[in-house]
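Trainee: I should like to understand how descriptive terms are justified from a structure. May we go through some examples together?

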Amino acid sequence: MDLRQIFAANLRRLRHAQGLSQEALAHEADVNRTYMSKLEKGGSYPGLEIIGKLASVLEVEPADLLKLPPKKRGRGR
């Protein structure tokens, strides 16, 4: 999985968990709403400053936006 896609999935998940719209998160983080949409679609690479702003609004560590999803466990026998 591409790092942009990992970031995008984490951003969407964390935004939904906070009950924020893209527009509200963009406003709170002082980020353009169109750019926010591109980030959530994995269409842009965010800079460190943007990652920091988004993490601050989402109340998570910046690294949480870049964490790999947990591996799915197969069915045991």
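Mentor: Certainly. This is a predicted model. Let us begin with α3, in which Met36, Ser37, Leu39 and Glu40 are buried.

Trainee: Why are the buried residues of α3 said to line one face of the helix?

Mentor: Viewed down the axis of α3, its buried residues fall within an arc of 160 degrees, so they line one face. Those buried residues pack against α1, α2 and α4.

Trainee: What makes Asn32 a cap of the N-terminal end of α3?

Mentor: A side-chain oxygen of Asn32 lies 2.7 Å from the backbone nitrogen of Thr34. A polar contact requires N or O atoms within 3.5 Å, so a pair at 2.7 Å qualifies. As for what comes after the helix, α3 is followed by Gly42, whose phi is positive, near 75 degrees.

Trainee: Why is Tyr45 called exposed?

Mentor: Tyr45 has a relative accessible area of 57%. Exposed means over 50%, so the term applies to Tyr45. Tyr45 lies in the loop between α3 and α4. Leaving aside neighbours within four places in sequence, Tyr45 is in contact with Asp2, Arg4, Tyr35 and Leu39.

Trainee: Which residues of the largest nonpolar core touch the most other members?

Mentor: Of its 16 residues, they are Phe7, Leu11, Met36, Leu54, Leu58 and Leu65. The helices α1, α2, α3 and α4 each supply at least two residues of this core, and α4 gives the most, with five. Not counting residues up to four places away in sequence, Leu65 touches several residues, including Phe7, Leu11, Leu54 and Leu58.

Technical notes. Residues are numbered from 1 along each chain as its sequence is written. This is a predicted model: local features need pLDDT of at least 70, side-chain atom pairs count only at pLDDT 80 or more; totals for chains, interfaces and linings use all residues. Side-chain values use heavy atoms; hydrogens and water are left out. A nonpolar core is a set of buried Ala, Val, Leu, Ile, Met, Phe, Trp, Tyr and Cys residues joined through side-chain atoms within 4.5 Å. Buried means under 20% relative accessible area, exposed over 50%, partly exposed in between (1.4 Å probe, protein chains only). Helices (H or I, at least four residues) and strands (E, at least two) are DSSP runs, numbered from the N terminus. Contact means heavy atoms within 4.5 Å. The arc is that of the directions from the helix axis to the C-beta atoms. A polar contact is a pair of N or O atoms within 3.5 Å; within protein, one must be able to donate a hydrogen and the other to accept it, and residues adjacent in sequence count only if both atoms are side-chain atoms.
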